[in-house]
Amino acid sequence: MAERVQVEEKVLSENDKLAAQIRKDLGARKILALNLVSSPGSGKTSLLEKTLSLLKDEFRIGLIAGDVQTENDAIRLERAGGKIVRPVVTGGACHLDARMVGDALQKIDLNSIDILFIENVGNLVCPSGFDLGEDMKVVLISTTEGDDKPLKYPAMFRKSSALMINKIDLLGLSDFDIDKAEKNARQINGSLHIMRLSCRTGENINLWCDWLRNQIFSKK
Ligand code: MG
Ligand code: ZN
């Protein structure tokens, strides 16, 4: 057991070194890098599709789409107007690590983007432990999940800077209590910036776009 812990610590410190290098490379070019994390089905790809449709003429957007087995999300993002989309198929691994992101970045001209979105594998557990060199993690939950997600997966909510509560168009169709979800999230991380929206209908999507603009301008 002790041996396994040691191996895991070594893997993590390797990851942290690579992540630091990625952060340095992106920072030197003032690229805003966001790591999107959530359970499967919360709407990471939908959020990115909506973002592309609204902001692709305003910012140069690069996307890394992580998936366990398919390139389906990358294909969706290209269809939504993404010009610089790099799929990462983890081949079973349930999270992205800094090496995978570093490899994908080799295929992106960093002088050609203002924002890098990294869509992580749908999983609220181990992606919280892997720094990818991002500026911030953005965590999504949706109204079709339990409102106790923040309490069940505290590490992810603690390490995130913003929380998107997606699918507000479906509020009332399940037992999801949005105020309770927000309260639970704030209990874990009082400084979370919380946005309630629907990627499907576009309701409140302006909150996300404005927040993104603020993040980009504060990097310049
Ligand atoms: Mg997806
Ligand atoms: Zn994992």
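Let me start with a term. A residue is called buried when its relative accessible area is under 20%, and exposed when that area is over 50%. Anything in between is partly exposed. Keep that in mind. And remember that this is a predicted model.

First stop, the magnesium ion, ligand 1. Which residues coordinate the magnesium ion? Thr45 does so through OG1, Asp73 through OD and Glu119 through OE. The distances run from 2.0 to 2.1 Å. Along the chain, these donors follow the spacing T-x27-D-x45-E. Now look at two of them. Asp73 sits in helix 3, residues 72–79, and Glu119 sits in strand 4, residues 115–119, so this pair ties together parts that are 46 residues apart in sequence.

Are these two buried or exposed? Asp73 has 12% relative accessibility, so Asp73 counts as buried. Glu119 has 2%, so Glu119 is buried as well.

Next, the zinc ion, ligand 2. Its protein donors are Cys94 through SG, His95 through ND1 and Cys126 through SG. They lie 2.0 to 2.2 Å from the ion. The spacing in sequence is C-H-x30-C. His95 is in the loop between strand 3 (84–89) and helix 4, while Cys126 is in the loop between strand 4 and strand 5 (136–142), so the pair joins parts 31 residues apart in sequence. His95 is buried, at 14%. Cys126 is at 24%, so Cys126 counts as partly exposed.

For contrast, take Lys107. You find Lys107 in the loop between helix 4 (98–106) and strand 4. At 58% relative accessibility, Lys107 counts as exposed. Lys107 and Arg86 are 21 residues apart in sequence, and their C-alpha atoms are 7.7 Å apart in space.

Now the inside. In soluble globular proteins, nonpolar side chains tend to be buried together. Here, the largest nonpolar core has 31 residues. Which of them touch the most other members? They are Leu34, Leu47, Phe117, Val138, Trp208 and Trp211. Several elements each supply at least two residues of this core, including strand 1 (32–38), helix 2 (44–55) and strand 6 (162–166). Helix 8 gives the largest share, six residues.

Stay with Trp208. Setting aside neighbours within four places in sequence, Trp208 is in contact with Leu34, Leu47, Thr51, Phe117, Val138, Met164, Met195 and Leu197. Apart from the largest core lies another, of 21 residues. Among them are Met100, Ala104, Leu105 and Leu132.

Technical notes
Residues numbered from 1 in each chain as written. Chains lettered and ligands numbered in written order. Predicted model: local features only at pLDDT ≥ 70, side-chain atom pairs only at ≥ 80, totals over all residues. Heavy atoms only, no water. Donors = N, O, S within 2.8 Å, 3.2 Å for Na, K, Ca; no water. Helix = DSSP H or I, 4+ residues; strand = E, 2+ residues; numbered from the N terminus. Buried < 20%, exposed > 50% of the residue type's maximum accessible area, 1.4 Å probe, protein only. Core = buried A, V, L, I, M, F, W, Y, C linked by side-chain atoms within 4.5 Å. Contact = heavy atoms within 4.5 Å.
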